[in-house]
Amino acid sequence: MTVSPWLELLDDTIRACAAGRRPDLVNRLADRRAALLDPGQRVAVVGKPGQGKSQLVNALLNAPVCAVGDDLTTTVPAVVRHAERPQATVVTAERLAIGPAADDGPVEAATGRANKLALVRDDVLRAEVGLPRALLGAGLVLVDCPGVGDPGCPRTARAMDVLAEADAVLLVSDATAVLSAPEVDLLVQVSRLCPTILVALTKIDMVPGWREVAERDRGLLAEAGVAAPLLPVSSALRLVAAQAGDKRLNAESGFTELVDALRREVLADPAGVAAAAAAATSGLALDQLIVPLRAEFDAGQPSADPVAVAAWHAAGRRVEELARESQRWQTLLSDDIADLMADMDFDLRDRTRRILRAVDDYFDAADPAKVWPEFEEWMEQNLTSVAEVHSAWLLERFEWTAGRIARHAVPDAADLPADLVQEITGERVDALRTPNIEKFTVPQKLFVGLRGSYGGLLMSGLATSLAGLPLINPFSVGAGVAFGARSVFEERGARLKRRQAVAKTTAQRHVDDFFLAYGKETKDATRLIHRALRDRFAAVGQRLRAEATESARAIKVDMDATIARQGARAAEVRRGLEKLIALRRRAESLRSARTALSA
């Protein structure tokens, strides 16, 4: 079985709307599809209140099927279709269909009853009327719509619902005035949904200058781009002519041209009318799908988020900065360690020299033989104090250096581990050796005294012998005693100087040994701590560089993934847009074919 092009177009449009996640459009198109498949060509008679819509339907069918009056009489639609015998019913929400034998009373009263019920009940949907008329038997279904007024009015809403399901539209406007702007706007809006439109200019029997109004109306329709024939008619003349059987008066009423137009525009080509309506409905739905897709497509090619790009560049700069800082802190650390070793060597040498100066001053007056134990204890205390102060200063300098580098080069490494800077302890030098102190014993004193007294006795005896005195006399003996005492005194002083010199030499050697041993330990500790600091900062710097590199890599991966997703989405949008545009062209070609055929 061959599917008609318009039906296939509607089905393809419904599938496109479903793929575009527009259930509202799917439901609207499904309702439109069902309405177009319904037998008969539905012509919606629409217009402002008081334009003579209901009277026109009555005159067209030569039957009082629609209630008329001076006030607003039509509140719900009245659907008039072919039936073998007259019948009518009021359709409500509880009573949705009528059978062939349904009969709720006289046909003439059905629409009036429906309009009155609609004023007090909200469930009244429409009035259904069946008449045995040749025009209706040819497939025409007339729908008398409520008057179109304000957009929020319930009558306007009911009229628009009818227009959404109509195959053709007959706009009714009386000849007392040209088409108003709302009427023209309504025609433009209706033409987009239902291209088959006719305009009836009613009440020409009441307006002598209706021909001028008709010309002006045709001009307004041309300006608005609405291709609709304008048909001047008089319902009153038509009813009178039908009652009297006057063909001339019937022709003067204009209904002959109206019936011919309905047959030509609506009934002669039902498939074309359905195709035009389907094309218009599909086109409107497709436009609602195309507009957002085109806006998304026109937004541009896939591009990275500026925030992500800035973050990626910042991460790259961070990696480069960390690499530069690595060189910087290593240079700073080497310079600080070199300065530290020079300062520590000078400090140790200065402190030991001050001890040696104190030793010299001390042994210039003290006798090592008497004060050596006390001196030895003093020396040990001073060297221990030097070691403690020197060690504390070394550790303090290292902590200051580590903090300085941490603040300026590796901020995340400000906290040093507790075991990084360790105490300098252990045996630095042997204990102070006791020098060989020469003692001046009593025999040595007697021997030195005899030796000195001998010379004095001999010299004085020789000198006094010239005076005739013997060699040993009181003068020579006194001189010998004096010389012996002086020799003992001088020898004791000389021996004290030698003991002091030996003590100074011993103390200096001990301090030199301490300087060498402790200086070596200090340098070893400095190198050890230097390596520990270097390894510590190197590990932290490597971790920071690894984190920055990983951050930059993660940002780049996320950017690439985002661009890839955008590219895939752009390709998908392009393919979807191409399909929708092709479908839109199909709809336009169907509508253009109908327009060309009508022309």
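## Helices, strands and a first loop

Helices here are DSSP runs of H or I with at least four residues, strands are runs of E with at least two, and both are numbered from the N terminus. With that in hand, you can find Arg21 in the loop between α1 (5-19) and α2 (23-37). One thing to keep in mind while you look around: this is a predicted model.

Arg21 is worth a click, since its phi is positive, about 55°, although the residue is not a glycine. Most residues other than glycine have a negative phi. Is Arg21 buried or exposed? Its relative accessibility is 72%, so it counts as exposed.

## A second positive phi

Asn62 is another non-glycine residue with a positive phi of about 55°. You'll find Asn62 in the loop between α3 (53-61) and β2. At 40% relative accessibility, Asn62 counts as partly exposed, because that label covers values between 20% and 50%.

## The sheet

Now for the strands. Eight of them form an open sheet with mixed pairing, in the order β3-β4-β2-β5-β1-β6-β7-β8. Which strands stand at the edges? They are β3 (87-92) and β8 (230-232); each has a single partner strand, so one side of each is left without a neighbour in the sheet. On average, neighbouring strands are turned by 20° against each other, ignoring direction.

Further in, β2 (residues 78-82) and β5 (residues 140-144) run antiparallel and are joined by 3 bridges. Val79 has Val143 in β5 as its bridge partner. Over by the β8 edge, helix α8 (residues 210-224) packs on the sheet and touches β7 (197-202) as well as β8. The direction of α8 makes about 165° with that of β8.

## A covered edge strand

Back at the other edge, β3 is mostly covered, with 6 of its 6 residues buried. In a regular strand the side chains alternate between the two faces of the sheet. For β3, both faces are covered: Gln87, Thr89 and Val91 are buried on one side, and Ala88, Val90 and Thr92 are buried on the other.

The partner of β3 is an antiparallel strand, β4 (residues 124-131), joined to it by 6 bridges. If you'd like one pair to look up, Val91 has Arg126 in β4 as its bridge partner.

## Two nonpolar cores

The largest nonpolar core has 41 residues, and the members that touch the most others are Val65, Leu131 and Leu258. Which helix gives the most to this core? That's α11 (residues 255-267), with 7 residues.

Zoom in on Leu131 and, leaving aside neighbours within four places in sequence, you'll see contacts with residues including Leu61, Ala63, Val65, Val80, Val107 and Leu136. Arg81 and His82 are also among the contacts of Leu131. Another core, of 32 residues, lies apart from the largest one, and Val141, Ala166, Cys194 and Trp210 are among its members.

## A helix with two sides

Finally, take α7 (residues 181-193). This helix has 13 residues and reaches 19 Å from its first C-alpha to its last, close to the 18 Å expected at 1.5 Å a residue. Its buried residues are Glu183, Val184, Leu186, Leu187, Val190 and Ser191. Looking down the axis of α7, these buried residues fall within an arc of 155°, so they line one face of the helix.

What does the face of α7 turned away from its buried side carry? There you'll find the exposed residues Ala181, Pro182, Asp185 and Arg192.

Technical notes: Residues numbered from 1 in each chain as written. Predicted model: local features only at pLDDT ≥ 70, side-chain atom pairs only at ≥ 80, totals over all residues. Heavy atoms only, no water. Pairing = 2+ DSSP bridges. Axes fitted to C-alpha atoms, helices over the stretch in contact; angles between N-to-C directions. Contact = heavy atoms within 4.5 Å. Buried < 20%, exposed > 50% of the residue type's maximum accessible area, 1.4 Å probe, protein only. Core = buried A, V, L, I, M, F, W, Y, C linked by side-chain atoms within 4.5 Å. Expected span 1.5 Å × (residues − 1). Arc of directions from axis to C-beta.
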